[in-house]
Amino acid sequence: VASMGGWGPLYFGFMYTLAEVLAIPAIPLTASAGYLFGVSTGTLVVLVSASIAASISFVIGRTLLRSTVENAMEGYPQFAKMDKAIGREGFKLMLLLRLSPIFPFALSNYLYGATSIDFASFFWGTMLGFAPGTLAYVYTGVVGKALTIGGDGAQPWYVYGAGAILLGGVLKLLVDVAGNVIQEMEDEAEKMEV
């Protein structure tokens, strides 16, 4: 990929999108993007690729596999509760769900296709909610490269360690806040049903 020049990120993005659509765990690829392209380009490539993959899976879940997805959703009563909230608070809830993932990313895209959320809320909620975690995983690839290969721009290990701790702390805070808001929304939805 590195030898492909400007085509490298496009090729990598295509492979990443394909892996996500096929529900292949992409965390190693996300870290690889940081290793290969650095924080900025790596994060951009992964965000765009993951958002495209999520959109493809969403459309497939909404059209071709809708009955299969609806049958699969019967096994997740929590997801059925979420659907009511998604209809009311689409973008907000999608953003929170992506910050605090309850379901595996690749598979959840198919499931969200069978919900009442509109495509724009799904897309933008996914992209923005996926950004902090993506940045954290891409950063681990950058750190891995710096610590294994080094180079002229490499910092001492403790600089990367401090960055990872800071980024991890911010990510944990976002996940906790999102999880609490989701729980409050679920509790409110249950009260409305009673």
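Q: Let's start with two aromatic residues: are Tyr112 and Phe122 buried or exposed?

A: The general idea is to ask how much of a residue's area is left accessible. Here, in what is a predicted model, Tyr112 is buried, and Phe122 is buried as well. Across the protein, buried residues make up 40% of the 194 residues.

Q: Before we go on, how many helices and strands are there in the protein?

A: Counting the elements is a handy way to get your bearings. You'll find eight helices and zero strands. Walk along the sequence and the pattern reads α-α-α-α-α-α-α-α.

Q: And what do the contacts say about which parts of the sequence meet?

A: For that, look at how far apart in sequence the touching residues are. Take the contacts with a separation of 6 or more: 79% of them are accounted for by residues 24 or more positions apart.

Q: Back to the rings. How many aromatic pairs turn up in the whole structure?

A: A search of the whole structure gives seven aromatic pairs. One of them joins Phe58 and Phe122, and this pair is stacked, with 4.3 Å centre to centre and 20° between the planes. Phe58 sits in helix α2 and Phe122 in helix α7 (residues 119-148), so to speak two distant parts of the chain, 64 residues apart, are linked by the pair. Both Phe58 and Phe122 are buried.

Q: How is the pair of Tyr112 and Phe122 arranged?

A: Look at the distance between ring centres, then at the angle between the planes. Tyr112 and Phe122 form a tilted pair, 6.2 Å centre to centre with 55° between the planes. Tyr112 belongs to helix α6 (residues 105-113) and Phe122 to helix α7, so this pair ties together parts that are 10 residues apart in sequence.

Q: Which residues do ring pairs link into a cluster?

A: Try following the pairs from ring to ring. That path links Phe58, Tyr112, Phe119, Phe122, Phe123 and Trp124 into a cluster.

Q: Which residues does Ser55 touch?

A: Leaving out residues up to four places away in sequence, Ser55 touches Phe119, Phe122 and Phe123. Ser55 itself lies in helix α2 (residues 27-62). It counts as buried because its relative accessibility is 10%, and the cut-off for buried is under 20%.

Q: Now for nonpolar cores. Which residues touch the most other members of the largest one?

A: Here's the general idea: in soluble globular proteins, nonpolar side chains tend to be buried together. In this model, the largest nonpolar core has 21 residues, and Tyr16, Tyr112, Phe122 and Phe130 touch the most other members. Helices α1 (7-21), α2, α5 (90-99), α6 and α7 each supply at least two residues of this core. The largest share comes from α2, with eight residues. Apart from this core lies another one, of seven residues, among them Val69, Met73, Tyr110 and Leu111.

Q: Can we zoom in on one of those core residues? What does Tyr16 touch?

A: Not counting residues up to four places away in sequence, Tyr16 touches Ala26, Leu29, Thr30, Val46, Ser49, Ala50 and Phe130.

Q: Where does Lys145 lie relative to the ring of Tyr35?

A: With a charged side chain and a ring, check whether the charge sits over the face. Lys145 lies over the face of Tyr35, at 5.7 Å from the ring centre.

Q: What about loops? Where is the place of Ala23?

A: Ala23 is in the loop between α1 and α2. With a relative accessible area of 31%, Ala23 is partly exposed. Its backbone deserves a look too: Ala23 has a positive phi of about 60° although it is not a glycine. Ala23 touches Ala106 and Leu107, not counting residues up to four places away in sequence. Ala23 and Ser57 are 34 residues apart in sequence, and their C-alpha atoms are 9.4 Å apart in space.

Q: One last residue: with which side chain does the side chain of Ser121 make a polar contact?

A: The partner is the side chain of Asp118, at 2.9 Å. Ser121 is found in helix α7 and is buried, with a relative accessible area of 14%. Not counting residues up to four places away in sequence, Ser121 touches Gly90, Phe91 and Met94.

Q: And how much area does the protein expose?

A: The protein exposes about 10400 Å², and carbon and sulfur atoms supply 69% of it.

Note on methods. Residues are numbered from 1 along each chain as its sequence is written. This is a predicted model: local features need pLDDT of at least 70, side-chain atom pairs count only at pLDDT 80 or more; totals for chains, interfaces and linings use all residues. Side-chain values use heavy atoms; hydrogens and water are left out. Helices (H or I, at least four residues) and strands (E, at least two) are DSSP runs, numbered from the N terminus. Buried means under 20% relative accessible area, exposed over 50%, partly exposed in between (1.4 Å probe, protein chains only). Contact means heavy atoms within 4.5 Å. Accessible areas come from the Shrake-Rupley method with a 1.4 Å probe; for residues, only the protein chains shown count as cover. Rings of Phe, Tyr and Trp (its six-membered ring) pair if their centres lie within 6.5 Å; planes under 30 degrees apart count as stacked, over 60 as edge-to-face and the rest as tilted. A charge sits over a ring if NZ of Lys or CZ of Arg is within 6 Å of the ring centre and within 35 degrees of the ring normal. A nonpolar core is a set of buried Ala, Val, Leu, Ile, Met, Phe, Trp, Tyr and Cys residues joined through side-chain atoms within 4.5 Å. A polar contact is a pair of N or O atoms within 3.5 Å; within protein, one must be able to donate a hydrogen and the other to accept it, and residues adjacent in sequence count only if both atoms are side-chain atoms.
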